[in-house]
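User: I'd like to learn how to read strands, sheets and cysteine links in a protein model. Could you walk me through an example?

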Amino acid sequence: MEKLIVGILFLSVLSGSVAETDMKGKAFIFPQESSTAYVSLIPKVRKSLQNFTLCMKTFTDLTRPYSIFSYNTRNQDNEILLFVENIGEYMFYVGNMVATFKAPTNLPDPARICVNWESGSGIAEFWLNGKPLGRKGLKKGYTVGGDAMITLGQEQDSYGGNFDAKQSFVGEIWDVSLWDHVVPLEKVSDSCNNGNLINWQALNYEDNGYVVTKPKLWP
């Protein structure tokens, strides 16, 4: 099944059926718990990363654990993973090593999440709703692999698959961007849609299962 998913996505890219779409003003809705609903994101360039910035906006009323953003390579699970273990407890993985950032939160408010990481210092900086949650260290000197499968809505337990419905995201995701360098987060916390690897206004993606695209409800 894993090889089939990867093969279909690869053929879609080659055939050009995965079109670049301006998603400004739109959101992906994941309406119900599932092991089959997810969105695959295709970066503009596939490259190894020694620095990156990731930003996105989400809404959910889940109280169980769930995955927000999952980036796996063939050789490493959780190369980059944003995962919520408990309400207000954000787990940020690089190279399968985790740093946990905690914040008070009031459901069901939307969340604006921005995080960056630099290999040279190993420092990860996390911002939630325009406010910093501090800086922590992980994987100093590490390089994130570039041959990645990137999914929204599911946490990959293998390359491109092996999803668990009890870790699936239920809610809405929008304004996802990924840069190959560290961006000052105070500059992107309000507007996070123009990354040079993943750009919400020029997005290459493939939706799978029960995923719906609708105009977004929040800024």
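User: Let's begin with a single residue. Does C55 count as buried or exposed, and at what relative accessibility?

Analyst: Happy to help! Bear in mind that this is a predicted model. A residue is called buried when its relative accessible area is under 20%. C55 has 0% relative accessibility, so it counts as buried.

User: Which residue forms a disulfide with C55?

Analyst: The general idea is a distance test: two cysteine sulfur atoms within 2.5 Å are taken as a disulfide. Here the partner is C114, and the two sulfur atoms are 2.3 Å apart. By this rule the structure has one disulfide. C114 is also buried, because its relative accessibility is 2%.

User: What is the handedness of the link between C55 and C114?

Analyst: For this one, look at the angle about the S-S bond. The link of C55 and C114 has 125° there and is right-handed.

User: Which strands hold C55 and C114?

Analyst: C55 sits in strand β4 (residues 51–59) and C114 in strand β9, so the disulfide ties together parts that are 59 residues apart in sequence.

User: Now the sheet: in what order do its strands lie?

Analyst: A sheet is read by stepping from each strand to its pairing neighbour. This open sheet has seven strands with antiparallel pairing, in the order β11-β10-β9-β4-β13-β2-β15. At its edges are β11 (131–137) and β15 (212–215), each pairing on one side only. On average, neighbouring strands are turned by 25° against each other, direction ignored.

User: How many bridges join β9 to β10?

Analyst: Strands pair here when at least two bridges are found between them. Five bridges join β9 (residues 111–118) to β10 (residues 123–128), and the two run antiparallel. To find that pairing in your viewer, look for V115, which stands opposite F126 in β10.

User: How many residues of strand β13 are buried?

Analyst: Nine of the nine residues of β13 (residues 171–179) are buried, so this strand is largely enclosed by the rest of the structure.

User: Over how many bridges do β4 and β13 pair?

Analyst: β4 and β13 share six bridges in the antiparallel sense. Within β13, W174 is the bridge partner of K57.

User: And how many bridges join β2 to β13?

Analyst: Three bridges join β2 (residues 26–30) to β13, again in an antiparallel arrangement. The residue to look for is F28, whose bridge partner in β13 is I173.

Key: Residues are numbered from 1 along each chain as its sequence is written. This is a predicted model: local features need pLDDT of at least 70, side-chain atom pairs count only at pLDDT 80 or more; totals for chains, interfaces and linings use all residues. Side-chain values use heavy atoms; hydrogens and water are left out. Helices (H or I, at least four residues) and strands (E, at least two) are DSSP runs, numbered from the N terminus. Axes are lines fitted to C-alpha atoms, for helices over the stretch in contact, and angles run from 0 to 180 degrees between N-to-C directions. Buried means under 20% relative accessible area, exposed over 50%, partly exposed in between (1.4 Å probe, protein chains only).
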